[in-house]
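Welcome! Here are some short exercises with worked solutions, meant to be done with the model open beside you. Try each task on your own before you read the steps.

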Amino acid sequence: MGSDSSQAVGGSERQLIRGIGLGSATALNMIDMIGVGPFITIPLIVGAMGGPQAMLGWIAGALLATCDGLVTAELSSALPGSGGTYRFLSEIYGPKRLGRLISFLFIWQLSFSAPLSIASGSIGLAGYASYFFPKLEHQYAARDWAVHIPLLGELQVRWIISGATFVAIGMVLLATVLLYRKITSIGWMSKLLLVGVLSTMAWIIVSGFTHFHTSLAFNFPPEAFHLSHAFFLGLGSAMLVASYDYWGYYNICYLGDEVKDPTKNIPRAMLLSILLVACLYIAMNVSILGVLPWREITQPGQSNSGLYVISIFMQRIYGTWAAKLAAGLVMWAAFASVFSLMLGYSRVPYAAALDGNYFRVFARVHPRLHFPHISLLALGCVAIPFCFLSLKDVIAALVVIRIFLQFLVQAAGSIVLRIRRPDLPRPFRMWLYPLPALLASAGFVFILFSRPNFQKEIRYAVVIVTAGLVIYLIRAWRHGEWPFGERAGSEAVGLSSR
């Protein structure tokens with residue numbers, strides 16, 4: 001397509017601009033991956049494993065991200081374009097047959113999981129804001145909502161209203177305003193945000209290793225590595241949180257029609273971001289465990305002060321001024337993640353609407369700024385209610401829903417595509433095929449079923465799948481689409497908003 005940043009994409013997507021190079025693509029991925037996750041989930045991972053052996057959770061999470069990253073890199077090079085996984089699933093399983101159903105279910109779950117991702121970053125940011133303004137932690141109301149579902153049991157959701165809730169909502173609105181512009185105006189923003197994120201991590205890592213105590217970092221409890229049932233339960237819980245922290249390496253796939261030379265730059269950006277972020281995460285966590293006793297890290301895990309591990313770490317080394325500066329930098333990282341998530345996810349409903357497989361209004365592009373503005377605004381509006389949930393519940397629901405309706409079907413689909421279309425050009429081919437796809441699938445299944453009380457989050461996923469399936473079948477019956485019939489692509493009718 002050429003390298004001119006002002007060049008537009010041809011065909012039905014002519015209005016989009018290819019303005020993202022390899023540097024900006026890697027930056028967008030990294031600020032999405034890092035975000036607030038690694039700064040606030042340390043107590044959860046250390047607590048799940050019960051000691052410094054929690055590093056196994058980070059390492060296993062990195063290996064899982066690498067395996068799935070290789071799967072996604074191959075698919076993105078073979079099937080570049082806006083929509084990412086939506087486009088992959090549609091082409092793999094047949095755009096006029098089963099692929100239409102599976103890709104619709106992916107968009108349907110994204111209507112929940114994408115706002116959950118955005119809300120998680122905003123909630124984490126608001127938690128660190130409470131470090132400066134403790135009154136934000138005060139809860140004005142808290143309510144448990146439950147509904148009984150036949151055959152599945154009871155679904156429970158806890159809603160919380162506090163000052164921090166309104167800070168989280170404010171961050172969603174601010175990110176929406178900043179993204180309401182041309183894509184060529186966003187590249188420099190992503191790089192500026194990344195500078196703040198990397199500066200924060202560099203400060204933590206250098207501070208930790210210059211005040212490092214081996215006796216703290218390797219103070220393993222008795223039988224820390226005993227391969228018992230409890231060990232694997234803890235590893236499953238740790239990997240769930242680590243997976244949340246690593247996710248985002250696929251974010252650039254959603255912007256495929258806005259990336260220069262996408263068949264090369266998208267795979268490179270993904271694998272580069274996974275490698276760099278994995279090194280940063282492992283170095284940061286080792287440095288923290290070498291300064292703070294692991295038992296002290298896990299003690300505040302049930303309260304909001306559990307979010308302040310980085311500030312406690314800096315206060316222990318330098319004093320109060322460093323703790324406050326660290327809190328501000330973590331808030332910067334959290335906002336960077338919200339910014340990147342909203343940018344990437346807003347392009348997926350747009351791509352589905354162009355195919356006639358979602359509400360037609362999402363296919364609209366701003367006449368002057370040339371970006372899918374309706375999709376962006378809708379995503380921000382849906383993220384706001386999720387800001388009323390607790391961070392722990394948001395992370396667990398997000399990971400389980402995404403595993404069911406994205407990662408497992410995509411990993412299997414990469415093998416299906418190799419079998420069905422062996423001659424399809426693949427500028428990047430996954431290494432050691434099909435081992436990465438098989439290992440990624442095994443890792444995700446382990447996360448789903450190895451944790452205590454895993455049934456709770458799986459119920460959420462089953463309800464979402466069932467509801468999406470019913471909606472799709474009603475729509476397909478009305479319009480004569482698969483499995484009730486098959487229309488030519490030019491006659492396909494989008495999901496009406498009526």
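Helices are DSSP runs of H or I with at least four residues, strands are runs of E with at least two, and both are numbered from the N terminus. Please keep in mind that this is a predicted model.

**Exercise 1. Two cis peptide bonds**

Task: Find which residue is joined to P434 by a cis peptide bond, and which residue is joined to P483 by one. Then say where P434 and P483 are placed.

Solution:
- Step 1. Y433 is the partner of P434, and omega of this cis bond is about 0°.
- Step 2. P434 belongs to the loop between α17 and α18.
- Step 3. For P483 the partner is W482, with omega of about 10°.
- Step 4. P483 sits in the segment after α19.

**Exercise 2. Positive phi in loops**

Task: Work out where E223 is found, and whether E223 is buried or exposed. Do this for L432 as well.

Solution:
- Step 1. E223 is not a glycine, yet its phi is positive, near 60°.
- Step 2. On the chain, E223 falls in the loop between α9 (214-217) and α10.
- Step 3. E223 counts as exposed because its relative accessible area is 67%, and exposed means over 50%.
- Step 4. L432, another residue other than glycine, also has a positive phi near 60°.
- Step 5. The loop between α17 and α18 holds L432, and P434 is found in that loop too.
- Step 6. With a relative accessible area of 67%, L432 is exposed.

**Exercise 3. Two residues of helix α16**

Task: Decide for S375 and for C381 whether each is buried or exposed, then list what S375 touches.

Solution:
- Step 1. Helix α16 covers residues 373-386 and includes S375; C381 is in α16 as well.
- Step 2. S375 has a relative accessible area of 2%, which is under 20%, so S375 is buried.
- Step 3. C381 has 54% relative accessibility, which is over 50%, so C381 is exposed.
- Step 4. Not counting residues up to four places away in sequence, S375 touches S346, R347, P349, Y350 and F362.
- Step 5. Look closely at S346: its backbone oxygen is 2.4 Å from a polar atom of the S375 side chain.

**Exercise 4. Far along the chain, and in space**

Task: Find how many residues separate P436 from D68 in sequence, and how many Å separate their C-alpha atoms.

Solution:
- Step 1. P436 is part of helix α18 (residues 435-449).
- Step 2. P436 and D68 are 368 residues apart in sequence, while their C-alpha atoms are 6.7 Å apart.
- Step 3. Set beside this the pair C381 and G69, which are 312 residues apart in sequence and 30 Å apart from C-alpha to C-alpha.
- Step 4. P436 is buried, at 6% relative accessible area.
- Step 5. The contacts of P436, leaving aside neighbours within four places in sequence, are C67, L70, V71, M430 and W431.

**Exercise 5. Y246, the core and a cavity**

Task: Name the residues that touch the most other members of the largest nonpolar core, and those that line the second largest cavity.

Solution:
- Step 1. The core has 160 residues, and F39, Y246, I252, I288 and I310 touch the most other members. Helix α6 gives the largest share of this core, 17 residues.
- Step 2. Beyond four places in sequence, the contacts of Y246 are M33, W58, G61, A62, A65, V277, A278, Y281 and I282.
- Step 3. The second largest cavity, of about 30 Å³, is lined by G61, L64, A65, D68, S243, Y246, W247, Y249 and F444.
- Step 4. Helix α4 gives the most to this lining, with four residues.

**Exercise 6. The largest cavity and a pocket**

Task: State the volume of the largest cavity and of the second largest pocket, then sort their linings by class.

Solution:
- Step 1. The largest cavity holds about 140 Å³.
- Step 2. Its lining has 19 residues, with D32, Y244, W247, S337 and L341 nearest the centre.
- Step 3. That lining divides into nine nonpolar, seven polar and three charged residues.
- Step 4. The second largest pocket has about 500 Å³, and 23 residues line it, with V157, F386, L389, A397 and Y460 closest to its centre.
- Step 5. Here the classes are 18 nonpolar, one polar and four charged, and α19 gives the most, with six residues.

Terms used: Residues are numbered from 1 along each chain as its sequence is written. This is a predicted model: local features need pLDDT of at least 70, side-chain atom pairs count only at pLDDT 80 or more; totals for chains, interfaces and linings use all residues. Side-chain values use heavy atoms; hydrogens and water are left out. On a 1 Å grid over the protein atoms alone, a cavity is a set of points where a 1.4 Å probe fits but cannot get out, and a pocket is an open set with protein on both sides within 12 Å along at least five of seven lines; lining residues have an atom within 4 Å of a point. Grid points are joined across faces, edges and corners, and a volume is the space filled by probe spheres set on the points. Ala, Val, Leu, Ile, Met, Phe, Trp, Tyr, Cys and Pro count as nonpolar, Asp, Glu, Lys and Arg as charged, and the others, Gly among them, as polar. Buried means under 20% relative accessible area, exposed over 50%, partly exposed in between (1.4 Å probe, protein chains only). A polar contact is a pair of N or O atoms within 3.5 Å; within protein, one must be able to donate a hydrogen and the other to accept it, and residues adjacent in sequence count only if both atoms are side-chain atoms. Contact means heavy atoms within 4.5 Å. A nonpolar core is a set of buried Ala, Val, Leu, Ile, Met, Phe, Trp, Tyr and Cys residues joined through side-chain atoms within 4.5 Å.
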